[in-house]
Amino acid sequence: KMIYYVTPTYPRPEQIPELTRLSHTLMHVPRIHWVIADDQPICSETVKTVVRRSGIPFTHISSPKPFQYKSNNFPRGVANRRAAIDWIRQNIHEGILYFGDDDNTIDLQLFEEMRMTKRVSMFPVGLIGGYGVSSPIVKDGKVAGFFDSWPGSRTFPVDMAGFAVNIEFLTSSASMPYIAGHEEDKFLVSLGLKIEDIEPLADNCTKVMVWHTRTVKFKKPTLKVNFDKMNGDQYKNFA
Ligand code: UGA
Ligand code: MN
């Protein structure tokens, strides 16, 4: 089965290094199609250059966030993931959908495991919240509950990177809401998923094979110059 790897992305100083690193992982994965979902009015040429150089088959779509979400605590990557879901529903009839943010780290073995997904598979995600890991709890090979530091009245308290979906299970009701913190849960609920249908991967969810790594935000460098010591032309350009 082909994997459709959906990455929402937006411009910032860390974008190109993140996508470069991610592309170097995906280059090792056979039968993968990278869906770059750009949070921009038009597809970024810079992004396209990085993706094209990787040689990975890709689709680049753009769908910027609506204006009212340009605040502080807004749902991230929703308009663009929605566009990716629509594109997949309209063009792809079989394969696996995986939401892989541009700031995650993925073990190559996880791709081979998720290819087996019949409906929805789940696995632990490292570096999430106060517990450091978010994972389904597995009992006798079945998902019996969830371990997540923020249950937040969610039916499926999991991270975006903690599940894969068989595209045949992606019905017309599939949707993602503009509600921060509830995107994953409401999406899974919209699929009509039942807890008993979840397929646990990663050795019954005992292994972490994907991490929400995050990159420290780039701070604009400030150049500290002692002007008293500036007596030569060599400092001119820094003043
Ligand atoms: C966490 C989860 O990892 C996300 O999958 C989830 O969508 C988000 O919480 C949420 O619940 O809103 P977080 O680390 O807080 O994500 O957010 P980012 O990593 O900044 O953004 C998630 C993804 O959306 C990234 O791939 C990012 O590039 C993209 N994004 C972010 C946009 O496309 N537009 C934005 O304005 C911000
Ligand atoms: Mn993130």
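This report describes the overall make-up of a predicted model, then one of its helices and the surroundings of its ligand.

**The protein as a whole**

The protein contains 6 helices and 12 strands, and its C-alpha trace spans about 75 × 40 × 40 Å along the principal axes. Of the 239 residues in the protein, 34% are buried. Among the contacts with a separation of 6 or more, 72% are accounted for by residues 24 or more positions apart.

**Helix 5**

Helix 5 covers residues 183-190, and its buried residues are Glu183, Glu184, Phe187 and Leu188. These residues lie on the same side of helix 5, because they cover an arc of only 120 degrees around the axis. The partners against which the buried residues of helix 5 pack are helix 3 (78-91), strand 6 (120-122) and strand 10 (163-166). After helix 5 comes Gly192, a residue with a positive phi, near 80 degrees.

**The surroundings of ligand 1**

There are 19 residues around ligand 1, and those that come nearest are Tyr10, Asp39, Gly77, Asp101 and Met160. Strand 1, which runs over residues 3-9, provides the largest share of this shell, namely 3 residues. The table divides the residues of the shell around ligand 1 by class.

| Class of residue | Number in the shell around ligand 1 |
|---|---|
| Charged | 8 residues |
| Polar | 6 residues |
| Nonpolar | 5 residues |

How values were computed
Residues numbered from 1 in each chain as written. Chains lettered and ligands numbered in written order. Predicted model: local features only at pLDDT ≥ 70, side-chain atom pairs only at ≥ 80, totals over all residues. Buried ≥ 20, exposed ≤ 12 C-beta atoms within 10 Å, placed from the backbone. Helix = DSSP H or I, 4+ residues; strand = E, 2+ residues; numbered from the N terminus. Arc of directions from axis to C-beta. Contact = placed C-beta atoms within 7 Å. Near = placed C-beta within 6 Å. Nonpolar A, V, L, I, M, F, W, Y, C, P; charged D, E, K, R; others polar.
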